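Let's take a walk through this structure together, one stop at a time. Keep the 3D view open as you read.

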Amino acid sequence: TRPLDRAGTAAAVLAATGAACVVVDCEAGPVRLNLAHRLAAQLSAPLHPLAALTHPTTRDSALPVPA
């Protein structure tokens, strides 16, 4: 089975559980495959760009850094 097919199957199983999900779009560069968009649609989950997880002025991560 192809990786994208397996990911789609896993997304369907996860969506069927009713679990809350969020998808972070980490794609960058001139060629974008929009895989995060596809996954978010399959999960009925919100999609956020990676840049949204950083502080807008310092670009520091908004997430805690493990010690």
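Ala 15 sits in helix 1, which spans residues 3–17. The model you are looking at is a predicted one, and everything below should be read in that light. Is Ala 15 buried, partly exposed or exposed? Its relative accessibility is 31%, so Ala 15 counts as partly exposed. Once neighbours within four places in sequence are set aside, Ala 15 is in contact with Gln 42 and Leu 43. You can also find Ser 44 here: 29 residues separate Ala 15 and Ser 44 along the chain, yet their C-alpha atoms are 7.5 Å apart.

Those partners lead us to helix 2, made of residues 35–43. Which of its residues are buried? They are Ala 36, Ala 40 and Leu 43. These residues lie on the same side of helix 2, because the arc they cover around the axis is only 70 degrees. The cover over them includes helix 1, strand 1 and strand 2, the last of these being residues 47–49. Just after helix 2 comes Ser 44, with a positive phi near 55 degrees.

Now turn to strand 1, residues 23–25, where Asp 25 has its place. With a relative accessibility of 8%, Asp 25 falls under the 20% limit and therefore counts as buried. What surrounds this acidic residue? Beyond its neighbours within four places in sequence, Asp 25 is in contact with Arg 32, Ala 36, His 37, Leu 47, His 48, Pro 49 and Leu 50. Ala 36 in that list is also one of the buried residues of helix 2, and Leu 47, His 48 and Pro 49 are the residues of strand 2. The side chain of Asp 25 also reaches the backbone nitrogen of Glu 27, at 3.0 Å.

The contact with Arg 32 deserves a second look. How many salt bridges does the structure hold? There are 2, and in one of them the side chains of Arg 32 and Asp 25 meet, at 2.7 Å from N to O. Here a buried Asp 25, at 8% relative accessible area, is paired with Arg 32, which counts as partly exposed at 36%. The other salt bridge joins Arg 2 and Asp 5, whose closest N and O atoms are 3.5 Å apart. In this pair, Arg 2 is exposed at 55% relative accessibility, while Asp 5 is partly exposed at 38%.

Staying at the surface, look for Leu 4, Val 31, Leu 33 and Leu 35, which make a nonpolar patch of about 370 Å². Leu 33 belongs to the loop between strand 1 and helix 2. Its relative accessibility of 58% is over the 50% limit, so Leu 33 counts as exposed.

Finally, step back to the whole protein. It has 2 helices and 2 strands, and from the N terminus they follow the order α-β-α-β. Of its 67 residues, 12% count as buried. The protein exposes about 5,100 Å², with carbon and sulfur atoms supplying 65% of that area. Among contacts with a separation of 6 or more, 42% are between residues 24 or more positions apart. The contact between Ala 15 and Gln 42 is a good place to return to when you look at how helix 1 comes up against helix 2.

Definitions and conventions: Residues numbered from 1 in each chain as written. Predicted model: local features only at pLDDT ≥ 70, side-chain atom pairs only at ≥ 80, totals over all residues. Heavy atoms only, no water. Helix = DSSP H or I, 4+ residues; strand = E, 2+ residues; numbered from the N terminus. Buried < 20%, exposed > 50% of the residue type's maximum accessible area, 1.4 Å probe, protein only. Polar contact = N/O pair within 3.5 Å; in protein donor to acceptor, adjacent residues only side chain to side chain. Contact = heavy atoms within 4.5 Å. Arc of directions from axis to C-beta. Salt bridge = Lys/Arg side-chain N within 4 Å of Asp/Glu carboxyl O. Patch = residues over 30% accessible without salt bridge, like charges linked within 9 Å, V, L, I, M, F, W, Y side chains within 5 Å. Areas by Shrake-Rupley, 256 points an atom, 1.4 Å probe, with all protein chains shown as cover.
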